[in-house]
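Thanks for making the time this morning. I would like to take you through the interior of one model, and I will try to state the cut-offs as I go.

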Amino acid sequence: MLRQVCCSGFQPFRQRLLPWLQSTALSRSRATDRVQSSAIRHVRSWSNIPFITVPLSRTHGKSFAHRSELKHAKRIVVKLGSAVVTRGDECGLALGRLASIVEQVSVLQNQGREMMLVTSGAVAFGKQRLRHEILLSQSVRQALHSGQNQLKEMAIPVLEARACAAAGQSGLMALYEAMFTQYSICAAQILVTNLDFHDEQKRRNLNGTLHELLRMNIVPIVNTNDAVVPPAEPNSDLQGVNVISVKDNDSLAARLAVEMKTDLLIVLSDVEGLFDSPPGSDDAKLIDIFYPGDQQSVTFGTKSRVGMGGMEAKVKAALWALQGGTSVVIANGTHPKVSGHVITDIVEGKKVGTFFSEVKPAGPTVEQQGEMARSGGRMLATLEPEQRAEIIHHLADLLTDQREEILLANKKDLEEAEGRLAAPLLKRLSLSTSKLNSLAIGLRQIAASSQDSVGRVLRRTRIAKNLELEQVTVPIGVLLVIFESRPDCLPQVAALAIASGNGLLLKGGKEATHSNRILHLLAQEALSIHGVKEAIQLVNTREEVEDLCRLDKMIDLIIPRGSSQLVRDIQKAAKGIPVMGHSEGICHMYVDSEASVDKVTRLVRDSKCEYPAACNALETLLIHRDLLRTPLFDQIIDMLRVEQVKIHAGPKFASYLTFSPSEVKSLRTEYGDLELCIEVVDSVQEAIDHIHKYGSSHTDVIVTENEKTAEFFLQHVDSACVFWNASTRFSDGYRFGLGAEVGISTSRIHARGPVGLEGLLTTKWLLRGQDHVVSDFSEHGSLKYLHENLPVPQRNTN
């Protein structure tokens with residue numbers, strides 16, 4: 001076997017594999033002794049694999065209904081298709097891919113799960129070995145006599161599959177043993193045929209052997225005995241739980257999964273999962289969840305380049321296993337970006353491949369909701385501005401008319417959250433009559449400003465005679481807004497989406513389930529007056545935020561509204577989808593040496609104490625050095641003490657004090673509570689430098705009576721919002737007169753600061769001509785470019 005690996009160009013791997021194989025027998029003996037001497041060990045300490053204790057008790061009999069439940073799977077079968085195990089030339093094994101799969105199986109085994117492998121690859125490994133032997137069997141004399149050109153064209157005979165399997169089985173198993181030994185795991189090979197399942201005595205023997213191996217913490221590696229297996233014959237297999245013909249490794253894996261009452265069967269192939277039409281075709285869509293009875297909606301293509309079965313065989317086997325109580329996932333085991341963690345991702349419940357489920361959800365899938373939001377948003381964008389404004393006005397009226405129902409739903413959320421959420425989060429969760437009234441006022445402002453938003457002409461250019469170009473505003477597309485503990489966010493964002501003609505997917509926190517449900521129903525009721533109800537969708541399925549962030553073909557922009565940790569997680573998870581927002585709100589206020597005594601305490605109190613959990617609350621107070629030990633400084637400290645604000649001293653401030661408050665752990669901290677960092681600076685320039693080094697480019701303020709100093713600060717601080725003698729809390733869409741905001745952005749592209757209606761628009765170009773072609777503008781053409789700026793229609797500001 002070592003010679004086969006070496007001749008295939010895997011010399012580095014051969015060097016690593018040689019000591020593995022030399023120690024396999026000894027390691028296997030020691031591993032078996034350890035298992036037998038300690039019986040079943042529930043806790044292990046591994047030097048090279050992290051051990052995680054997970055609750056894995058489950059009564060078999062019914063498959064999992066949702067992906068999120070897969071983490072409870074105790075007994076798992078992993079089926080490796082030929083395309084996964086073999087190289088692209090179909091001669092030899094994909095060693096790096098196999099090593100990654102073995103590592104993942106070992107991780108799960110060492111977590112206390114019972115792992116079984118159904119593997120292909122013996123034929124490919126044997127084909128590689130026999131081809132090499134045939135070449136080596138040619139005598140040197142014959143090779144020299146034939147001439148070098150003839151040697152190059154020497155034909156290798158077609159190799160019979162059974163012979164290849166016989167030659168490859170031992171090498172394949174030796175490779176698996178060597179790899180599993182590196183993780184202190186013992187593996188055992190079991191070769192089966194159809195008779196082993198249909199002969200009752202052999203079936204019992206096989207069952208007993210597998211159970212004993214699992215009891216001893218050994219990974220069984222199962223394969224059809226391709227050296228002796230007869231050709232598959234037509235029969236009535238796959239018609240019931242008790243009948244299935246083992247004619248390929250797909251049917252073998254399904255039969256084994258049901259026989260061993262496994263919780264999960266993972267089928268790895270060379271495609272991402274099950275598509276509704278052959279992968280690669282223009283309209284092919286990956287099916288996230290497949291239900292029994294959906295076969296009619298799928299068009300199957302040809303089978304993969306290697307192996308016995310195709311996707312149709314996999315689906316039939318998967319449905320058979322599902323009927324027997326085993327959950328199934330079909331996924332890609334060959335993609336270099338995911339193969340290194342595909343198995344562990346599936347077990348963690350991540351949206352990978354196609355999940356087979358017997359429980360069909362009552363509502364649409366999130367993919368279907370995305371499509372509905374897309375089509376509904378396009379219809380919304382075609383409405384007249386007055387019609388969109390009418391929808392928003394109707395929603396504002398519903399917020400006040402249905403006040404009692406909204407507050408009753410919110411009361412349920414508050415009661416369920418009591419004791420589970422911190423006080424600042426409970427405050428965010430709470431709705432009141434005054435909040436609803438303020439929301440209604442804000443929505444009416446949005447309706448008024450939406451009259452001239454979509455389709456507004458920004459630029460007109462006459463390119464040439466009778467060839468005019470326009471740049472106009474259009475919706476971005478479909479927005480995904482993820483928010484925590486803020487049900488009042490839903491009508492605000494809904495109104496902005498309506499005004500801008502965008503489709504909208506909303507994902508709220510489970511702590512606001514009842515409030516979000518009724519507010520979403522009211523939004524859809526308002527949309528119904530012009531037949532665009534489906535433009536706004538509330539995601540109620542068990543979709544993880546990370547999974548939603550992968551829907552790059554359905555979502556054009558993600559807007560997170562919540563904690564800085566939520567925003568960071570979304571920014572990390574969103575691959576290919578822009579994220580608008582800020583991860584932190586570290587807002588500063590610089591009190592200059594020429595600040596007014598009367599203004600400072602009011603501004604500091606409002607910025608820090610009015611709503612400390614807000615992202616625009618003050619977190620760091622910078623004080624000019626000349627103000628230390630002055631009445632103004634004492635008034636600030638006294639006010640903070642009265643408001644029960646905990647003070648953290650910056651390094652420089654602490655050096656001035658004999659007995660200082662607790663020194664700050666980091667100058668880049670967003671407290672979100674009645675806590676404040678105080679630091680001392682020597683000048684306005686030092687304050688600016690501090691803000692640029694430790695701030696988050698959110699909102700920063702200067703308090704001074706010196707206009708020149710104030711303008712210097714305003715022009716040089718590089719933040720989304722920079723204020724003079726005003727509270728940081730003014731950084732808000734409603735207070736800016738935007739009606740509402742979808743969030744505050746600290747990015748430098750597209751929108752910055754509080755993002756209202758205009759931040760949810762992009763542009764497109766409209767060119768109107770009369771049989772114009774580029775060749776007419778060439779050097780010898782008949783036309784010349786004019787590029788004249790034309791007047792733009794005046795915007796309606798009423």
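I will begin with how the model was treated, then turn to the nonpolar cores and finally to a cavity.

This is a predicted model, in which local features need pLDDT of at least 70 and side-chain atom pairs count only at pLDDT 80 or more, while totals for chains, interfaces and linings use all residues. Residues are numbered from 1 along each chain as its sequence is written, and side-chain values use heavy atoms, with hydrogens and water left out.

A nonpolar core here is a set of buried Ala, Val, Leu, Ile, Met, Phe, Trp, Tyr and Cys residues joined through side-chain atoms within 4.5 Å, where buried means under 20% relative accessible area with a 1.4 Å probe and protein chains only. The largest such core has 51 residues, and the members touching the most others are L380, I391, I392, I406, L504 and L506. Helix α19 (residues 489-500) contributes the largest share of this core, nine residues, helices being DSSP runs of H or I with at least four residues and strands runs of E with at least two, numbered from the N terminus. Apart from it there is another core, of 41 residues, including I76, V85, M115 and I266.

As for the second largest cavity, a cavity being a set of points on a 1 Å grid over the protein atoms alone where a 1.4 Å probe fits but cannot get out, with lining residues having an atom within 4 Å of a point, its lining includes T119, Q189 and N223. Helix α8 gives the most to that lining, with four residues.

Methods. On a 1 Å grid over the protein atoms alone, a cavity is a set of points where a 1.4 Å probe fits but cannot get out, and a pocket is an open set with protein on both sides within 12 Å along at least five of seven lines; lining residues have an atom within 4 Å of a point. Buried means under 20% relative accessible area, exposed over 50%, partly exposed in between (1.4 Å probe, protein chains only).
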